[in-house]
Amino acid sequence: MAEPPVPPGGIVGILGGGQLGRMLALAAAELGLACHVYCPDPKSPAFAVSAARTIAAYDDEASLAAFADAVDVVTFEFENVPVQTVRRLAERVAVAPGPHSLEVAQDRLSEKQLLSDLGIAVPAYAPVAARSDIYSALARTGRPAILKTRRLGYDGKGQAAIGHGDDPHGAWRAIGEVPAILEAHVPFEREISALVARARDGTVSAFDVAENRHVSGILATTTVPAAVSDEIAAQALAIAGRIAEALGHVGVLAVEMFVVGARGTPRLLVNEIAPRVHNSAHWTGDAAATSQFEQHIRAVAGWPLGDPARLADVVMTNLIGDDVARWREIAAEPGARLHLYGKSEVHPGRKMGHVNRLSPRG
Ligand SMILES: Nc1ncnc2c1ncn2[C@@H]1O[C@H](COP(=O)(O)OP(=O)(O)OP(=O)(O)O)[C@@H](O)[C@H]1O
Ligand SMILES: [Mg+2]
């Protein structure tokens, strides 16, 4: 028998206390659900908007057990929560997405293997387990290539380029001599992402495809609609749906893709997946009938999914580091919807907030 949904008044546990957890907690509150955030960092932005908090390490067995007993369902807001933590919790309480989604997305190699098994195109790649693997890997990918750590990369961290004149061993040292994969550098026409939600009963719902521009490896802007054909957009959403299905995923899933060969026949190559709410869908917070945060909460709580319809054209701009100093100007701008994450310390490259600028559709 299917588990009953978490009713209003229920408690959603969130592992991770960053801005994604904060926005999930705000969305949950709107549905009459409360959030309990579990995060080791006492300065986590999500704590300010959550009904309850646990400040403890992810391997603190006693704290995890108490957390599991205090909530009705557990989800996570970033993919570097140890899989073991999620497995432990799953012994005591419902967890969504499940540990399998997390395990695959944490490791760039298993991610690429899953995609390849599903017949989904990815950039040419090869594993690099040791320094001595680099030349054979380069023979597979050609140059330029990008060496990426298998684990723990984000915002372009843990990556090193290998250009035509570069010493590959320099890249190996630069990423810290840890298990990695080498990828062909893709001369993409544009980057897009597809965000789908999958409910407990297997229903899949998709938001419109978004177009992303990165600066120094960090997402700078997302524009919706993306400048791609209906056919490419449909392909992107179908790919994301197939991945969600294959993982038995429950919740929101983001898939980052490269559009290549746009002048001839455009094709999609999948870059990576994220088993969680995603920066490239922050536009949904102001320009869709249901936000990605609400959609994720609905899915993990076993509710029917909301309407993903897009209500406006939108450009989302991240406020990174000192960009946030312009908050007053942005707050006064007609049509601009400002979101700040309540982080007290500004660091270069740190995501401090975002702004959605809306215009009528079409
Ligand atoms: N094989 C590639 N070819 C061309 N560009 C790439 C490739 N891999 C990564 N990039 C560029 O670097 C960006 C960040 O890479 P990637 O998504 O792998 O890393 P990440 O650190 O997980 O990023 P994020 O946390 O922002 O998702 C990509 O969005 C893309 O712009
Ligand atoms: Mg990425």
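Let me start with helix α1, which gives the most to the lining of the second largest pocket, with five residues. Keep in mind that this is a predicted model.

Where does the rest of that lining come from? At least two residues each are supplied by α1 (19–30), α9 (284–287), α10 (292–300) and β17 (336–340). The second largest pocket has 15 lining residues, and M23, L26, A27, F293 and H339 lie nearest its centre. Its volume is about 340 Å³. Sorted by class, the lining holds six nonpolar, five polar and four charged residues.

Now the metal. Which residues donate to the magnesium ion, ligand 2? The protein donors are E256, listed twice through OE, and E272, listed once through OE. They lie 2.0 to 2.7 Å from the ion. This pair links distant parts of the chain: E256 sits in strand β14 (residues 251–260), E272 in strand β15 (residues 267–274), and the two are 16 residues apart. Buried or exposed? Both E256 and E272 are buried.

Next, ligand 1. There are 21 residues around ligand 1, and K148, D155, G156, E191 and E272 come nearest. So E272 turns up at both ligands, as a donor to magnesium and among the residues nearest ligand 1, by the predicted coordinates.

Three polar contacts to ligand 1 are on my list. An oxygen atom of ligand 1 is 2.9 Å from a side-chain N or O atom of E256. Another oxygen contact involves Q159, with a polar side-chain atom 2.9 Å from an oxygen atom of ligand 1. With A184 the backbone takes part: one of its N or O atoms lies 3.0 Å from a nitrogen atom of ligand 1.

Notes: Residues numbered from 1 in each chain as written. Chains lettered and ligands numbered in written order. Predicted model: local features only at pLDDT ≥ 70, side-chain atom pairs only at ≥ 80, totals over all residues. Heavy atoms only, no water. 1 Å grid on protein atoms, 1.4 Å probe; cavity = no way out; pocket = protein on both sides within 12 Å on 5 of 7 lines; lining within 4 Å. Points joined across faces, edges and corners; volume = space filled by probe spheres on them. Helix = DSSP H or I, 4+ residues; strand = E, 2+ residues; numbered from the N terminus. Nonpolar A, V, L, I, M, F, W, Y, C, P; charged D, E, K, R; others polar. Donors = N, O, S within 2.8 Å, 3.2 Å for Na, K, Ca; no water. Buried < 20%, exposed > 50% of the residue type's maximum accessible area, 1.4 Å probe, protein only. Near = heavy atom within 4 Å. Polar contact = N/O pair within 3.5 Å; in protein donor to acceptor, adjacent residues only side chain to side chain.
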